Amino acid sequence: MTKEEFDQWQKGHGKELEDIRKAAHELHANVNQTYDGDKPYGVHLDMVAASVSEYGYLVCDDERDLLAIFFAAYFHDSIEDARLTYNDVKKIASRWMDEERVLMAAEIVFALTNDKGRTRAERAGERYYQGIRETPYAPFVKLADRCANFTYSCKGDGEANAHMRKVYRQELPHFLKAIDAHSSDKRFSLPEEMVKQLEID
């Protein structure tokens, strides 16, 4: 898929993308989830989707997959943070996609849902990363999620953002290795342009 074809697709599917965006914003608002303490959680979701909007053509194998990828970007935290079940995610996705893509979207969201654990390391252990590596487009959406969080922490003020900048930098080598499926299938690829965003000092 070329960048021009991808941009044209986004223009032609603007209504569906906006509807998905609104549904995700509303979901997180309904459970009173915020970002950086006082911002609507949609701030983060929009940043993740912005990476998909910019780089999705580099990983997309079939334009029919694009709604599933965008949906996963907006709903990637819906099981973990907004109290949805896997079947809830599928039901919502079915508003915009056929059954095959509904399953694809739900699998990405499920793959990006942290495991149960007492610490950050336990919640994102080897089983978690294996699920990402084995799910088409999940490495890309996870990379978009990390780029959004890291970029925000670099721009944000306060002790919490300074702490997370340090955490993300320390985790970077392990993180990239953990989500790299080492596959020739572009659906599992990690765009170099996105990786470079995480390597900024």
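**Pockets of a predicted model**

H11 gives the largest share of the lining of the largest pocket, seven residues. The model is predicted, with local features needing pLDDT of at least 70 and side-chain atom pairs pLDDT 80 or more, while totals for chains, interfaces and linings use all residues. Residues are numbered from 1 along each chain as its sequence is written, and side-chain values use heavy atoms, without hydrogens and water.

Q: Which residues are the closest to the centre of the largest pocket?
A: The largest pocket (an open set of 1 Å grid points, for a 1.4 Å probe, with protein on both sides within 12 Å along at least five of seven lines) holds about 770 Å³, the space filled by probe spheres set on the points. Its lining (residues with an atom within 4 Å of a point) numbers 31 residues, and the closest to the centre are Asn114, Arg120, Asn149, Met164 and Tyr168.

Q: How many charged residues are in the lining of the largest pocket?
A: Strand E1 (34-35) and helices H5, H8, H9, H10 and H11 each supply at least two lining residues; these are DSSP runs (helices H or I, at least four residues; strands E, at least two). By class, the lining has twelve nonpolar and eight polar residues, and the charged ones number eleven.

Q: Which helices each supply at least two residues of the lining of the second largest pocket?
A: The second largest pocket has a volume of about 180 Å³. Its lining includes Glu107, Phe110, Ala111, Arg127, Tyr128 and Gly131. The helices that each supply at least two of its residues are H7 (99-111) and H9.

Conventions: Nonpolar A, V, L, I, M, F, W, Y, C, P; charged D, E, K, R; others polar.
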